[in-house]
Amino acid sequence: MSIELAVSATGLVKRFGNRRVVDGVDIAVPKGMIYGVLGPNGAGKTTTLRMLLGIIEPDEGERTLLGNPRPREVSDQVGYLPEERGLYPSMKTTQAIAFMGALRGLDWRTGRTRATQLMEAAGLGHATDQKIRKLSKGMAQLVQLLGSVVHQPDLLVLDEPFSGLDPVNQERLEKLILAERDRGATVLFSTHVMAHAERLCDRLAIIAGGKVRFEGTVADARATLPFKAHYVPHHPNDGIRALLPADSTPEGDGWRFTLPDEGIEGTLVKLIDAGYGISGLSIERPSLHDVFVRIVGAKAIAESEAAEAEGRA
Amino acid sequence: MSSLARLIRQTMTIARRDFVATVFTPTFLLFLFAPLMMVGFGAVGGGAAMSITKSGDDKARIVVLAGGDQARVAVAADRQLRRMFRPIEQPARLIVERPGVNPEAQARAMFERKESDTYAVMYGPLDKPQILHSKNGTRSADYLAALADQVMRAQRAGTSAPLSEATKIVVTRAGSTAGGHGQAAFFAVTALFMISLLLAGQVVGTMAEERSNKVIEVLAAAVPLESVFFGKLVGMFGVALLFLGFWGTVVVNVGSLLPAKLATAFIDVGPAVGLPMFGLLFVAYFVTSYMLLGAVFLGLGAQASTQRELQMMSLPITIFQVAMWGMASATALEPDSWLATAAAAFPFSSPFAMVARAANAPELWPHAVALIWQALWVAITVTIAARLFRRGVLQSGSPRLRLRKKAAA
């Protein structure tokens, strides 16, 4: 049985000058899922999203949005929160939300009614009549997000939605994303903060240097790295190093090492027999952050950030 | 929903936002009353007054129907009398014509001639002359009466009593005068210029708001940039219509509000095609001039990424507009010159020149040709400007351009 895709792209390429900002990206986002696009700054996430939405045209490659190769033709079924937030400061919050709905084909009256309902549901009921210029940055960001869902889109695309939000608003946003998925919408969002992706994503892609380096579920991503063990001896001394696996590194009062393929039991028996004892032992699943650092590489992260800085200059 | 219906709906959403954002602000009142300030400055007013006066003076005349010695004496007396007036107060040029069988009918017919503006005509014996004059020709009639008296005095030297008793009759013209057409042309060109100057100033900076608030990305994702482009044009066009409606109502009713003496000064001002047709043509030319200039300015304005760049752009844009106005207002004074033809043919001055022509000449077919010509240029300009706009806003070429590049490769 084939999976129905909300977004698919093959071989997307975008050059700015001589630089290939996006270099052959393939993405397949199944319908009804929360899909994360992860990557360091300047990895090409925003450019990829803009190409998927048809805001800019790719230099090479094909993409379909909700089954349509012309993304513009389905724009009424899409909600979008750009990385650079923008609202008209002189508009009232409900007007701004209704306006964003009207751009996507929702009539103004319904837009205003839904805007009030959405604001109340998001805990912003007290600000329904306020002008945008009077809101805090976080609140304005939430209002813009509500504007991107007011027309109840089939696909919601969020570019770095958590940046600039305090923890309370981050939690509100997470709830809203989950609610949208529960409503049946597909959510595609980019981030470089792993914690959100880990909590929310059904599937994800890790992009670096304009290329997709990994695609799969969070569990698939974690499976690319072995489990780690953290062992704290009861009677430590210098001779213990010889009994531990080769990749062991000291950490605090103990040692950290990769869980051996044959299991940890043999190592523990040797340590106990030698009289080191066990004061503490934990087996740790690799985090998405570990996977991200391993896949992207500290060097690539540094290179991406340098390239971004060069681009800005 | 069809693509066109969708495009129109998206365009109207942008237009509505822009219209509301422009009109429902206190600063819109400043914008609305800006023409008053401009008039107040007097620079335009002074120039206009001089041009209007010149336009009328060229064709203004007073006439004496006389023959033989009487004509010769009248011309000599006119030469003497004129010396008593300062240059600015000089009466209209004196023309002497031989009287026909029916001098009264001959005199009345002179007021209806289109090639000249006759203010007063004197006929009959000079001791009891008949003087016909237009409503705003009272001064001319007084002058002719003084002229008759001067001639009689020259013939009967040595008396100080009035020797001539003139009978003055006011003549009502069937239409406006040739000078009045020129004046109407100048008013129309100036009005069109002022409206387009004010509105183009608004249009050129209209993208600045979206850029500074970063709303452009939201718009670009939701609707085609062509909708943003047309929405902004249409939104400002709505503002323009409001502006035009307000000032049109003021101008139409201003006659009834003016003091009688002042109103008389405008009595001969009128367009050659007639007022209702002129109104229609004015609106049509306003639409084309707005679309032509507005599209170019919107496209250029989208290239500016900072307020400073926008300000730098405003100067050449204003100079361009003033040049168009200068060219068209010159044609208002000389409707048959080569400059008038050139101004009518050049797309960006064509609406100005043709509105002047509507005031100066009664033929309608040139307007049909001009409107088709201008509509063609509106289509060309809007297409190019929309592409410029897209590239300026997104720094990204259109798909069509990319295909061409590929084909070339």
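Helix α2 of chain A passes helix α4 of chain A in a right-handed crossing (the near helix is turned clockwise from the far one by less than a right angle). The model is predicted; local features need pLDDT of at least 70, side-chain atom pairs count only at pLDDT 80 or more, and totals for chains, interfaces and linings use all residues. Residues are numbered from 1 along each chain as its sequence is written, with chains lettered from A and ligands numbered from 1 in the order in which they are written.

**Helix pair in chain A**
- The axes of α2(A) (residues 93–103) and α4(A) (residues 137–149) come within 7 Å and cross at roughly 35°; axes are lines fitted to C-alpha atoms over the stretch in contact, with angles from 0 to 180 degrees between N-to-C directions.
- A:T93, A:A96, A:I97, A:M100 and A:G101 of α2(A) meet A:V143, A:L146, A:G147 and A:S148 of α4(A) (contact: C-beta atoms, placed from the backbone, within 7 Å).

**Nonpolar cores**
- The largest nonpolar core (buried Ala, Val, Leu, Ile, Met, Phe, Trp, Tyr and Cys joined through C-beta atoms within 7 Å) has 146 residues, and A:L146 and B:F352 are among those with the most contacts inside it.
- Helix α13 (residues 275–301) of chain B gives this core its largest share, 13 residues.
- A second, separate core has 27 residues, including B:Y123 and B:L144.

**Chain B**
- Chain B has 18 helices and five strands (DSSP runs: H or I, at least four residues; E, at least two; numbered from the N terminus).
- Of its 409 residues, 40% are buried (20 or more other C-beta atoms, placed from the backbone, within 10 Å of the residue's own).

Key
A residue is buried if 20 or more other C-beta atoms lie within 10 Å of its own, exposed if 12 or fewer, and partly exposed in between; C-beta atoms are placed from the backbone. Two residues are in contact if their C-beta atoms, placed from the backbone, lie within 7 Å.
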